[in-house]
Amino acid sequence: MIQKNTQEEYSNLTSPRTSSLPMLISEGPSEAFRTKINDEASFIIHASDPNAAFTTQLQEVISRYNELRNQLMPGAEAVMKRYFLSDAANQEDEVYATDECDCALSVIQQPPLDGTKVALWVYVLKGIKNQNCAQGVSRVTHGAYEYLWIAGETISSSNSKYQTTRLLEDYVMRLIENECTLKDNCVRTWFFVNDIDNNYEGVVKARNEVFVTQDLTANTHYISSTGIGGRVADSKVSVCMDAYAIKGLLPNQMTFLYALDHMNRTSEYGVSFERATQIDYGDRRHVFVSGTASIDNKGQVVYPHDIKRQVKRMWENVDAILDEAEMHFDDIAFALVYLRDPADYAVVSTMFHEQFPHTPYVLLHAPVCRPGWLIEMECMAVKANHDERFPNF
């Protein structure tokens, strides 16, 4: 199964469900979804046969991605890929050997919950002026901006706190080498934590300590992020990091969303990330929603042990964030959904299919940072917008 979200609305057809939404194209096991802007896209791609060997599933995923990109986004280039695997120790090397992309690439053990061995998220752009990868940073020049991605960064060392400290310190230096800073240019981070119930505390401590050195505090701002269960092939690695930054942002172009009626500031319970980051361009708005769970404005888990009610509260929180940006569920370009218990897949899959029939998403087995949270989701939302203060995307 393949789902793809671009930003261009077809004019000759409407959705069979409601004419107010963009159309849904079905082609065998494939689905494609388009909104109103045509130079960026997110693909979520699934293998179709859970009984097939991993090699077969991987080749199908890559082939179907290339086919759909060429068919629906001709001229677009991948700038970020993330593979979700069922068994990184036995599959990771084959992914790196098979995928010949020159973009940022991460490979994470977060098994797709549809029973297959591999799924893929790809972010693509048209109109790239230049793309190169050096010193572990993938640089993409598009319009007036340079987009900096790092992916699959790991350090094999003693514990999660030390690994996270080294990863962030190395990232700070790479940003400086590109005339950027963590505070002014980093938009989004992802931390994939092996044995998260035991290792997340070290990630939190390291992030808090490094952020203070970069003037990232509750009085300034933090960075949108997801800290979630996941691992790589090397069992000595406790933490893997991906990150996204933008060079060329102007003052007030990057702002932050809080939804304080629904959730509190993360600093109130000892962690340091923003609920969401908004980037305004001359022609559109991007919103990056951090990993969001069933939490209230006191930082407490809402509806323990009840997956259905946790899903609904999670959606309510995401909706409140998007509303702050004058956006809605219809503006979501893609979503990644993490479940602690694979036994919840059937009920969650049904709920998401009903709530998001036109949105690319993938359901993954990945424990959330608190055992009481049964589910978490992150997403990116995009909508056309006119703002003369800033250059176009």
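## R188 and its partner

R188 is a buried residue, since its relative accessibility comes to just 1%. The model here is a predicted one, and in it the side chain of R188 meets the side chain of E378 in a salt bridge, at 3.1 Å from N to O. R188 sits in strand β11 (residues 186-193) and E378 in strand β19 (residues 375-384), so this pair ties together parts that are 190 residues apart in sequence. And E378? With a relative accessible area of 2%, E378 is buried as well.

Staying with salt bridges, there is also a network to look for. D39, E40, D283 and R284 are joined into one network by salt bridges that share partners.

## More salt bridges, around strand β5

How many salt bridges are there? The count comes to 17. One of them is formed by the side chains of D99 and K81, at 3.0 Å from N to O. K81 belongs to strand β5 (residues 77-85), while D99 is in the loop between α2 (88-98) and β6, so the pair links parts that are 18 residues apart in sequence. Are D99 and K81 buried or exposed? Both are buried.

Strand β5 also holds R82, and D242 is in strand β13 (residues 239-247), so a pairing of these two ties together parts that are 160 residues apart in sequence. That pairing is a salt bridge between the side chains of D242 and R82, again with an N to O distance, given as 3.0 Å. Both D242 and R82 are buried.

## A patch of negative charge

Now for the surface. Which residues gather there in a patch of negative charge? They are D261, E316, D319, D323, E324 and E326.

Take D319 from that group. You'll find D319 in helix α6, which covers residues 307-324. Its relative accessible area is 34%, so D319 counts as partly exposed; the range for that label runs between 20% and 50%.

## Two residues with positive phi

Here's a backbone detail to look out for. Most residues other than glycine have a negative phi. E179 has a positive one, near 60°, and E179 is not a glycine. Look for E179 in the loop between α3 (160-177) and α4 (182-185). Its relative accessibility is 65%, so E179 is classed as exposed.

D215 has a positive phi too, near 60°, and is likewise a residue other than glycine. Where does D215 lie? It is in the loop between α5 (196-213) and β12 (224-229). D215 has a relative accessible area of 37%, so it is partly exposed.

## Polar contacts away from the surface

T116 is in the loop between β6 (104-109) and β7 (118-125). Is T116 buried or exposed? Its relative accessible area is 5%, so T116 is buried; the cut-off for that word is under 20%. The side chain of T116 makes a polar contact with the side chain of D114, at 2.6 Å.

Q163 is another one to find, this time in helix α3. With 0% relative accessibility, Q163 counts as buried. What does the side chain of Q163 reach? At 3.2 Å, the side chain reaches the backbone oxygen of K236.

## Two residues of helix α1

Helix α1 (residues 54-72) is home to Q57. Q57 is buried, because its relative accessibility is 0%. How far apart are Q57 and V118 in sequence and in space? In sequence, Q57 and V118 are 61 residues apart; in space, they are 6.8 Å apart, C-alpha to C-alpha.

N66 lies in helix α1 too. Its relative accessible area is 28%, so N66 is partly exposed. If you pair N66 with I295, the two are 229 residues apart in sequence and 39 Å apart in space, going from C-alpha to C-alpha.

Note on methods
Residues are numbered from 1 along each chain as its sequence is written. This is a predicted model: local features need pLDDT of at least 70, side-chain atom pairs count only at pLDDT 80 or more; totals for chains, interfaces and linings use all residues. Side-chain values use heavy atoms; hydrogens and water are left out. Patches are made of residues with over 30% relative accessible area and no salt bridge: like charges are joined within 9 Å, nonpolar side chains (Val, Leu, Ile, Met, Phe, Trp, Tyr) within 5 Å. Accessible areas come from the Shrake-Rupley method with a 1.4 Å probe; for residues, only the protein chains shown count as cover. A salt bridge is a side-chain nitrogen of Lys or Arg within 4 Å of a carboxyl oxygen of Asp or Glu. Lys and Arg count as positive and Asp and Glu as negative; His and the chain ends are not counted. The place of a charge is taken as NZ of Lys, CZ of Arg, CG of Asp or CD of Glu. Helices (H or I, at least four residues) and strands (E, at least two) are DSSP runs, numbered from the N terminus. Buried means under 20% relative accessible area, exposed over 50%, partly exposed in between (1.4 Å probe, protein chains only). A polar contact is a pair of N or O atoms within 3.5 Å; within protein, one must be able to donate a hydrogen and the other to accept it, and residues adjacent in sequence count only if both atoms are side-chain atoms.
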